[in-house]
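Student: I'm new to this one. Can you show me the structure and then let me ask how the labels on it are earned?

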Amino acid sequence: MSNPSHDVNPRLTLEDRLIYPPAYEAIRPFFDPRTQWGHGAQEHLAFHTLKDHFPELSSQEVFLIIATAKRLFANGHEPL
């Protein structure tokens, strides 16, 4: 039986959800195959860009956005 005090609500707040579209747009160039160096995405540049543009994000949130964006862009999908 689960303990309700330890259950995590997987839903994001409206404020959290609103940051994703501009965050993905800010890092889109780093995952564009035409701008990749050495056939690899530039995750380190994407990380610094997100930290500069969205200082309120934790490092964990930045890594989550980058991992999600990388997966979506690699599969030819639009993030949102």
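Tutor: Let's start with what a helix is here: helices (H or I, at least four residues) and strands (E, at least two) are DSSP runs, numbered from the N terminus. Thr 49, for instance, is found in helix α2. Keep in mind that this is a predicted model, where local features need pLDDT of at least 70, side-chain atom pairs count only at pLDDT 80 or more, and totals for chains, interfaces and linings use all residues. Residues are numbered from 1 along each chain as its sequence is written, and side-chain values use heavy atoms, with hydrogens and water left out.

Student: How many helices and strands does the chain have?

Tutor: There are three helices and zero strands. Reading along the sequence, you get the pattern α-α-α.

Student: What makes Thr 49 buried?

Tutor: Buried means under 20% relative accessible area, exposed over 50%, and partly exposed in between (1.4 Å probe, protein chains only). Thr 49 has a relative accessible area of 14%, so it is buried. Its C-alpha atom is 7.0 Å from that of Ile 27, with the two residues 22 apart along the chain.

Student: Which residues does Thr 49 touch, not counting residues up to four places away in sequence?

Tutor: Thr 49 touches Ala 26 and Phe 30. Touching, or contact, means heavy atoms within 4.5 Å.

Student: And His 48, also in helix α2: why is it called partly exposed?

Tutor: His 48 has a relative accessible area of 48%. That value lies between the two cut-offs, so His 48 counts as partly exposed. The C-alpha atoms of His 48 and Ile 27 are separated by 9.7 Å, and these residues are 21 apart along the chain.

Student: How do you know that Phe 31 is buried?

Tutor: Phe 31 has 6% relative accessibility, and because that is under 20%, it counts as buried. You'll find Phe 31 in the loop between α1 (14-27) and α2 (43-53). Its C-alpha atom lies 8.7 Å from that of Ala 46, 15 residues apart along the chain.

Student: What about Gln 42, in the loop between α1 and α2: buried or exposed?

Tutor: Buried, because its relative accessible area is 7%, against the limit of under 20%. Leaving aside neighbours within four places in sequence, Gln 42 is in contact with Phe 30 and Trp 37.

Student: Then what makes Phe 54 buried?

Tutor: Phe 54 has a relative accessible area of 11%, so the buried label fits. Phe 54 lies in the loop between α2 and α3. Leaving aside neighbours within four places in sequence, its contacts are Ile 19, Pro 22, Ala 23 and Ala 26. Phe 54 and Ile 19 are 35 residues apart in sequence, yet 8.5 Å apart in space, C-alpha to C-alpha.

Student: What is meant by a nonpolar core?

Tutor: A nonpolar core is a set of buried Ala, Val, Leu, Ile, Met, Phe, Trp, Tyr and Cys residues joined through side-chain atoms within 4.5 Å. The largest one here has 17 residues, and Ile 27, Phe 31, Leu 50, Ile 65 and Ile 66 touch the most other members. The elements giving two or more residues to this core are α1, α2 and α3 (59-74). In soluble globular proteins, nonpolar side chains tend to be buried together.

Student: Why are α2 and α3 called oblique to each other?

Tutor: They pack at an angle of about 130°, with their axes 10 Å apart. Axes are lines fitted to C-alpha atoms, for helices over the stretch in contact, and angles run from 0 to 180 degrees between N-to-C directions. Angles under 35 degrees count as roughly parallel, over 145 as roughly antiparallel, 65 to 115 as roughly perpendicular and the rest as oblique. The angle of α2 and α3 falls in the rest, and they are therefore oblique.

Student: Which residues of α2 make the contact with α3?

Tutor: Glu 43, Ala 46, Phe 47, Leu 50 and Lys 51 do, meeting Ser 59, Val 62, Phe 63, Ile 65, Ile 66 and Lys 70 of α3.
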